[in-house]
Amino acid sequence: MKIIVSKIPDEGVDIHCIETAKSLGVSSPDLMLNDDVHIDAMVTRQGRVFFIDGTLRTSLQLTCARCAGEFTYPVNTSFYCQEQPFSNSDLDKEAALLKGDMDIDHYAGDEVELNNIFREQVILSTPMHPLCKRDCRGLCPKCGQNLNIKNCECRDEEAQSPFSVIKKLFEQGD
């Protein structure tokens with residue numbers, strides 16, 4: 001979905017759309033969409049700076065970081081973006097980032113592809129350490145049994161620590 005910045009009216013543009021993984025350019029094996037992406041947003045403009053204030057709903061197919069099981073992760077997020085025009089003078093100056101600079105994106109030209117912004121919001125909504133459930137027990141480090149399904153017969157041994165050698169030396173000295 002493209003928007004021409006100079007043609008955004010004073011009252012803004014209401015966006016209500018449904019995008020697919022293909023239209024958003026989501027093809028990574030690490031990010032699988034289970035559902036279309038439902039977007040409701042308002043695009044407003046002040047001069048050449050435009051703003052997007054919206055919500056995004058979808059569901060993702062993720063792999064649990066503890067048990068390696070696949071699960072559905074619902075996404076229902078609000079977002080706000082500020083987009084400023086990119087200029088050649090931005091390349092010439094060195095400047096320290098200020099606190100609010102991370103909230104501002106830049107665009108070139110007058111036509112902007114909003115699906116890039118929407119794709120970015122889906123990616124930002126993906127957890128860095130996805131868990132199928134908060135209390136996921138993971139896999140047994142010895143036999144690989146998924147401990148959420150059943151307990152294994154492996155003996156619980158004290159975890160090997162880099163300090164276990166020192167501990168043994170102290171135990172021998174007693």
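This passage describes the nonpolar core, the helix α3 and the salt bridge of a predicted model.

Residues are numbered from 1 along each chain as its sequence is written. Because the model is predicted, local features require pLDDT of at least 70 and side-chain atom pairs count only at pLDDT 80 or more, while totals for chains, interfaces and linings use all residues; side-chain values use heavy atoms, with hydrogens and water left out.

The largest nonpolar core (buried Ala, Val, Leu, Ile, Met, Phe, Trp, Tyr and Cys residues joined through side-chain atoms within 4.5 Å) comprises 31 residues. Within this core, Val43, Phe50, Ile52 and Leu114 have the most contacts. Two or more core residues are given by each of β2 (13-19), β4 (37-46), β5 (49-63), β6 (70-85) and α3 (114-125), where helices (H or I, at least four residues) and strands (E, at least two) are DSSP runs numbered from the N terminus. The greatest contribution, five residues, comes from β5. When neighbours within four places in sequence are set aside, Phe50 is in contact (heavy atoms within 4.5 Å) with Val5, Ile8, Val43, Thr44, Arg45, Cys81, Gln82, Glu83, Tyr107, Val112 and Leu114.

Helix α3 has 12 residues and spans 17 Å from its first C-alpha to its last, close to the 16 Å expected at 1.5 Å a residue; the expected span is 1.5 Å times one less than the number of residues. Leu114, Asn115, Ile117, Phe118, Gln121, Val122 and Ser125 of α3 are buried, that is, under 20% relative accessible area, with exposed meaning over 50% and partly exposed in between (1.4 Å probe, protein chains only). These residues lie on the same side of α3, because they cover an arc of only 160° around the axis, taken from the directions from the helix axis to the C-beta atoms.

Asn115, which is found in α3, has a relative accessible area of 4%. Not counting residues up to four places away in sequence, Asn115 touches Met1, Glu19, Ser23 and Leu24. The side chains of Asn115 and Glu19 make a polar contact at 3.5 Å; such a contact is a pair of N or O atoms within 3.5 Å, in which, within protein, one must be able to donate a hydrogen and the other to accept it, and residues adjacent in sequence count only if both atoms are side-chain atoms.

One salt bridge (a side-chain nitrogen of Lys or Arg within 4 Å of a carboxyl oxygen of Asp or Glu) is found in the whole structure. It joins the side chains of Asp40 and Arg57 (3.5 Å, N to O). Asp40 belongs to strand β4 and Arg57 to strand β5, so the pair ties together parts that are 17 residues apart in sequence. Asp40 is partly exposed at 29% relative accessibility, and Arg57 is partly exposed at 35%.
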